[in-house]
Amino acid sequence: MIKTIVPAELNEKKDKLRIMDQTLLPNEEKWLELDDPESIWEAIKMLRVRGAPAIGIAAAIGLYVCSLRSQAENVFEFGKEFEKIKDYLATSRPTAVNLFWALNRMTDRFHREKNKSIDEIKWALLDEAEKILSEDQAMCRAIGRHGLSLLKSEMGLLTYCNAGGLATSGLGTALAPIYLGCEKGYNFKVFSCETRPLLQGSRLTAYELDKAGVDVTIICDNMVSQVMKEGKIDAVLVGCDRVAANGDSANKIGTSGIAILAWEYGIPMYILGPTSTIDLDTPTGADIKIELRGEDEIGNSFGRRTAPEGVKAYNPAFDVTDAKYITAIITDRGIVKPPYTKTLMELFG
């Protein structure tokens, strides 16, 4: 069985959030142990932990470990501290729905236990955080099984950004079918886009696929059309940070351009993500808030300036792929196809 990295989990003592600092990959594997709101917020904001599911896991565990530090003498005061930390962590990444989903789930568990002692509430929060982690691992494997049913041996697959083990709790979302297929000897040939400006595709996706023994080739983002034209791509697999009720999907900036190219070349475009990423309260992609990040990520990334001092840079972290370009949305509950306004609602019963 292929082994993947779990990027966010509890430490052995279960009193700190343990994450791999992904800003240092692929050159250095460094693990951090965090237990205060400021360092956890910084780790999420600065992409030391990233990927929608992993952000949710980190936030849930982070909320729990921060609650351990409380010196509150009654549940009312403990609840006020809990809500303050939750609201603070929620400001770290506004686009990824899993962040809010996980924080809200921890809050719901708190309210269910609020008539118990503070120690009992803390144990309940630990239980909920561990459930979020284990359920994500199961969901990734389910996504992988459903996704693999659409693929064939020897296919050329294009992926973008990182939606693998480093973005989740193990197998990933978009990479899960690739890992499961490789376990079965499918011999996929994967093309990983670099993913400007932070190079998650070359730094992270290529790193974890190569480490797992998968055939992976890095290409620059602007090479996608040529590689598709040469017939090297049979399907596109990407993750998602939020899916609107009509099927519009937010993912790393550049995804929508790949979807348009795939449409032009007749290549299926698959969005893969857990059901927690689907937000039926967001009607369309136009309602998704897009995070804007710092200008230096474009002009001065990785310690070397690549743009003139003083020249402005525009740096949206995500874009929205219109539902019409998406062949199917693959979830842990099954494969959803158009019309998404109807089928996504049916997915939730």
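Biologist: In this predicted model, what makes Glu128 and Arg109 a salt bridge?

Modeller: The closest N and O atoms of Glu128 and Arg109 are 2.6 Å apart, and because the cut-off asks for a side-chain nitrogen of Lys or Arg within 4 Å of a carboxyl oxygen of Asp or Glu, the pair is called a salt bridge. The pair links distant parts of the chain, with Glu128 in helix H5 and Arg109 in helix H4, 19 residues apart.

Biologist: Why is Arg109 called buried or exposed?

Modeller: Arg109 has a relative accessible area of 11%, and since buried means under 20%, Arg109 is called buried; Glu128 is buried as well.

Biologist: Which salt bridge does Asp127 form, and how do you know how exposed Asp127 is?

Modeller: Asp127 forms a salt bridge with Arg109, the closest N and O atoms being 2.9 Å apart. The relative accessible area of Asp127 is 28%, and because partly exposed lies between the limits of 20% and 50%, Asp127 is called partly exposed.

Biologist: What makes Asp279 and Arg242 a salt bridge, and where do the two residues lie?

Modeller: Their side chains meet at 2.7 Å, N to O, which is within 4 Å and therefore satisfies the definition. This pair too links distant parts of the chain, Asp279 being in strand S11 (residues 278-279) and Arg242 in strand S8 (residues 242-244), 37 residues apart. Asp279 has a relative accessible area of 11%, and because that is under 20%, Asp279 is called buried.

Biologist: How many salt bridges are found in the whole structure?

Modeller: The search finds 27 salt bridges, and a network of salt bridges links residues including Arg105, Arg109, Asp127 and Glu128.

Notes:
Residues numbered from 1 in each chain as written. Predicted model: local features only at pLDDT ≥ 70, side-chain atom pairs only at ≥ 80, totals over all residues. Heavy atoms only, no water. Buried < 20%, exposed > 50% of the residue type's maximum accessible area, 1.4 Å probe, protein only. Helix = DSSP H or I, 4+ residues; strand = E, 2+ residues; numbered from the N terminus.
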